[in-house]
Amino acid sequence: MDNNLFLEYGFSLSENQLAKLDLYSDLLIQYNEKFNLTAITNKEDIYVKHFLDCLYLCKYLDSSKSLLDIGSGAGFPGVIIKIFYPEMNITLLEPNNKKVMFLNTIKKQLDLSKLEIINQRSEDYVKDNRGKYDFVTARAVAPLNILLELAIPLLKVNGTFIAMKGPKGNQELLESQNALKLLSCVANDTIQYSIEDNTRQLLFFKKLAATQEKYPRNYSQIKKKPL
């Protein structure tokens, strides 16, 4: 895939970055047969629905800061951010063993440095990493009122959580007002964009104060009774 697709949406990638994306897409298709990584298996669709979508996030990041990607799965958006900002310190958090194996393969095959891959749930990882990151991201992980409790405790005070959502993002935000209050954070922006006919939203949250130690609860409690 050449640069024209990315240029159309305001991104200019180097030959090295394009080569990494090409290899990434090939490996995704290859490993998807045994690891069930994505329902999207056509190469062109992978570029449009995964790669381009994740690139939009890069417009709002500072590559000198640290970032944690919760539930990174097949590497979205964390690996795409790493390809776009190779100097950025990024951690991918993924509890599924097979997906972690795939992420480690991607890291090696694409020669990605400053990329840490952690095989853990966020509510366990936070015990030793509370308030550690400047940015936290998540894409297709959980409803927002659940996601906030997993993400905000990992952020530094004044750090930013960016949730990647579809067209129902605003509705999820309305249902998350109590969570925002209890977690000492505020919604400070929503960016809506379209890729072809697919409407997407980036929801931005700023952490105002340290999170109470009782959050996050264990996942069964979070899921049974969201904040």
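Which side chain does Arg139 meet in a salt bridge? The partner is Asp53, and the N to O distance is 2.9 Å. Bear in mind that this is a predicted model, so read everything below as coming from a prediction.

That pair ties together distant parts of the chain. Arg139 belongs to strand β4 (residues 133–139), Asp53 to helix α3 (residues 43–58), and 86 residues separate them. Are these two charged residues buried or exposed? Arg139 has a relative accessible area of 11%, so it is buried. Asp53 is buried too, since its relative accessibility is just 2%, and the cut-off for buried is under 20%.

**More salt bridges**

Searching the whole structure turns up ten salt bridges. Here are three of them, with the closest N and O atoms:

| Pair | N to O distance |
|---|---|
| Arg139 and Asp53 | 2.9 Å |
| Asp134 and Lys156 | 3.2 Å |
| Lys165 and Glu172 | 2.9 Å |

Take Asp134 and Lys156. This pair also links distant parts of the chain: Asp134 sits in strand β4 and Lys156 in strand β5 (residues 155–165), 22 residues apart. Asp134 is buried because its relative accessibility is 17%, under the 20% cut-off. Lys156, on the other hand, is partly exposed, with a relative accessible area of 33%. As for the third pair, Lys165 is a buried lysine, at 9% relative accessible area, and its bridge goes to Glu172.

Salt bridges can also join up into a network, and Asp22, Asp26 and Lys43 do so here.

**Strand β4 and its neighbours**

Back to β4, the strand that holds Arg139 and Asp134. How many of the residues in β4 are buried? Seven of its seven are, so the strand is mostly covered.

β4 pairs with β1 (residues 66–70) through four bridges, and the two strands run parallel. It also pairs with β5, again in parallel, through six bridges. Phe135 is a handy landmark in β4: Leu67 stands opposite this residue, and so does Thr160 in β5.

**A patch of negative charge**

Now for the surface. Which residues gather there in a patch of negative charge? They are Glu8, Glu44, Glu196 and Asp197. Glu196 is found in the loop between β6 (185–195) and β7 (198–207). With a relative accessibility of 53%, Glu196 counts as exposed, because the cut-off for exposed is over 50%. Compare that with Asp53, at 2%, whose charge is matched by Arg139 in a salt bridge.

Notes: Residues are numbered from 1 along each chain as its sequence is written. This is a predicted model: local features need pLDDT of at least 70, side-chain atom pairs count only at pLDDT 80 or more; totals for chains, interfaces and linings use all residues. Side-chain values use heavy atoms; hydrogens and water are left out. A salt bridge is a side-chain nitrogen of Lys or Arg within 4 Å of a carboxyl oxygen of Asp or Glu. Buried means under 20% relative accessible area, exposed over 50%, partly exposed in between (1.4 Å probe, protein chains only). Patches are made of residues with over 30% relative accessible area and no salt bridge: like charges are joined within 9 Å, nonpolar side chains (Val, Leu, Ile, Met, Phe, Trp, Tyr) within 5 Å. Accessible areas come from the Shrake-Rupley method with a 1.4 Å probe; for residues, only the protein chains shown count as cover. Lys and Arg count as positive and Asp and Glu as negative; His and the chain ends are not counted. The place of a charge is taken as NZ of Lys, CZ of Arg, CG of Asp or CD of Glu. Two strands pair if DSSP finds at least two bridges between them.
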